[in-house]
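Let us walk through this model together, one neighbourhood at a time. Keep the structure open beside the text, and turn it as you read.

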Amino acid sequence: MGRLAGKVAVITGAGSGIGRASAELFAQEGAKVVCADISGEEKDAAAAIGAAAAAVHADVSVSADVQRIIAAAEDNFGRLDILFNNAGFGGPKKLITEQTEEDYDRVLAVNLKSVFLGMKYGITAMLRTGGGSVINTSSAAGLVGWEKNAIYGASKGGVIQMTKAAALDFAQQGIRINALCPGMTWTGLVPGSRENPLPPTEGYRPPAPMARWGLSSELATAALFLACDDSSFVTGIALPVDGGYVCP
Ligand SMILES: NC(=O)c1ccc[n+]([C@@H]2O[C@H](COP(=O)([O-])OP(=O)(O)OC[C@H]3O[C@@H](n4cnc5c(N)ncnc54)[C@H](O)[C@@H]3O)[C@@H](O)[C@H]2O)c1
């Protein structure tokens, strides 16, 4: 029996990187998985899994799209147990004086409003069947400052505080809510990663104590821990998975 046998999961940003690796791992562990993305790659992700998956083309910053994602879990698989609000992007890396108001609105919409919408509609669905686990992807940049990433950091810090407050609100209703904080991870967000699925062993090394890139699979196993009953007494945390980056 897999650790997610009988469970139904929604994963946003499932077309690439951490979301894609998590969709594959959750399915291996017995879950039915709704793969949502804006890129079109959600179809490939779902097709690779097979009958245990459904694809939804959606923009997570749009309320009607998020409602369609949640409905897809209930319509295809009858319930929702796990919600992985993972879709996000870095936005432009610039000084705050050079960022535009449009930059601000888009980064906050995709990285933070999406988490609000996911929890608003996802937790409502979970309450219909008695509980579940929510994982919200923040970042090491939600815990410490990153240069030229003020707006991104604000969005990811917001994810952590939204996670903690919501965890308090639903702790006695069988719903655990945690944040995942990746450090520098070799995913589609990183230039060159599409051409090279594995990170280079020479040249630039991320400034973490382990001095290497994280792998999507290493974030997926952490997400699995938060999704399944192995973490049954864990709620309201922001879990760094970052090679020690936020430790010093
Ligand atoms: N890779 C890193 O170093 C790193 C570090 C910290 C946090 N993160 C976070 O991890 C999460 C996953 O990113 P990743 O690293 O796997 O990158 P990725 O680019 O490989 O995957 C992100 C996916 O999200 C999708 N997406 C983006 N905007 C969307 C939208 N509006 N609606 C629906 N889908 C959308 C993209 O199409 C993509 O498939 C993001 O929230 C990111 O901010 C990544």
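A good place to begin is Lys164, which is partly exposed because its relative accessible area is 36%; here buried means under 20% relative accessible area, exposed means over 50%, and partly exposed lies in between, with a 1.4 Å probe and protein chains only. Lys164 sits in helix H5, residues 150-170, where helices (H or I, at least four residues) and strands (E, at least two) are DSSP runs numbered from the N terminus. If you look from Lys164 to Glu29, you cross 135 residues of sequence and 27 Å of space, C-alpha to C-alpha.

A word on the ground rules before going on. This is a predicted model, in which local features need pLDDT of at least 70, side-chain atom pairs count only at pLDDT 80 or more, and totals for chains, interfaces and linings use all residues. Residues are numbered from 1 along each chain as its sequence is written, and side-chain values use heavy atoms, with hydrogens and water left out.

Now turn to helix H1. Its 12 residues should span 16 Å at 1.5 Å a residue, and its end C-alpha atoms are 17 Å apart, which agrees; the expected span is 1.5 Å times one less than the number of residues. H1 is mostly covered, with 9 of its 12 residues buried. Those buried residues are Gly17, Ile18, Gly19, Ala21, Ser22, Ala23, Leu25, Phe26 and Ala27. Just after the helix comes Gly30, with a positive phi of about 105°.

What covers H1? Two helix partners are worth a look. Two packed helices are described by the angle between their axes and the distance between the axes. Axes here are lines fitted to C-alpha atoms, for helices over the stretch in contact, and angles run from 0 to 180 degrees between N-to-C directions.

Take helix H6 to start with. The axes of H1 (residues 17-28) and H6 (residues 216-227) come within 8 Å and cross at roughly 55°. The two helices are therefore oblique to each other; angles under 35 degrees count as roughly parallel, over 145 as roughly antiparallel, 65 to 115 as roughly perpendicular, and the rest as oblique. On the H1 side, the contact is made by Gly17, Ile18, Ala21, Ser22, Leu25 and Phe26, and on the H6 side by Ser216, Ser217, Leu219, Ala220, Thr221, Ala223, Leu224 and Ala227. Contact means heavy atoms within 4.5 Å. By class, this contact has 9 nonpolar, 5 polar and no charged residues, where Ala, Val, Leu, Ile, Met, Phe, Trp, Tyr, Cys and Pro count as nonpolar, Asp, Glu, Lys and Arg as charged, and the others, Gly among them, as polar.

The other partner is helix H2 (residues 41-49), which packs with H1 at an angle of about 20°, with the axes 10 Å apart. That makes H1 roughly parallel to H2. Arg20, Ala23, Glu24 and Ala27 of H1 meet Glu41, Asp44, Ala45 and Ile49 of H2. The residues of this contact divide into 4 nonpolar, no polar and 4 charged.

Close to the same story is Thr187, in the loop between strand E7 (185-186) and strand E8 (214-215). Thr187 is buried, with a relative accessible area of 9%. Leaving aside residues up to four places away in sequence, Thr187 touches Gly17, Ile18, Ser193 and Ser216. Ala211 is found in the loop between E7 and E8 as well, and has a positive phi near 55° although it is a residue other than glycine. At 23% relative accessibility, Ala211 counts as partly exposed.

Next, find helix H3 (residues 63-77). Its 15 residues reach 21 Å from first C-alpha to last, close to the 21 Å expected. Asp65, Val66, Ile69, Ile70, Ala72, Ala73 and Phe77 are buried in H3, and the buried residues pack against strands E1 (8-12), E2 (32-37), E3 (53-57) and E4 (82-85), and against H4.

Helix H4 (residues 101-129) is also home to Met126. At 0% relative accessibility, Met126 counts as buried. Among the residues Met126 touches, beyond those up to four places away in sequence, are Leu80, Ile82, Val134 and Ile175. Met126 and Ile82 are 44 residues apart in sequence and 8.3 Å apart in space, C-alpha to C-alpha.
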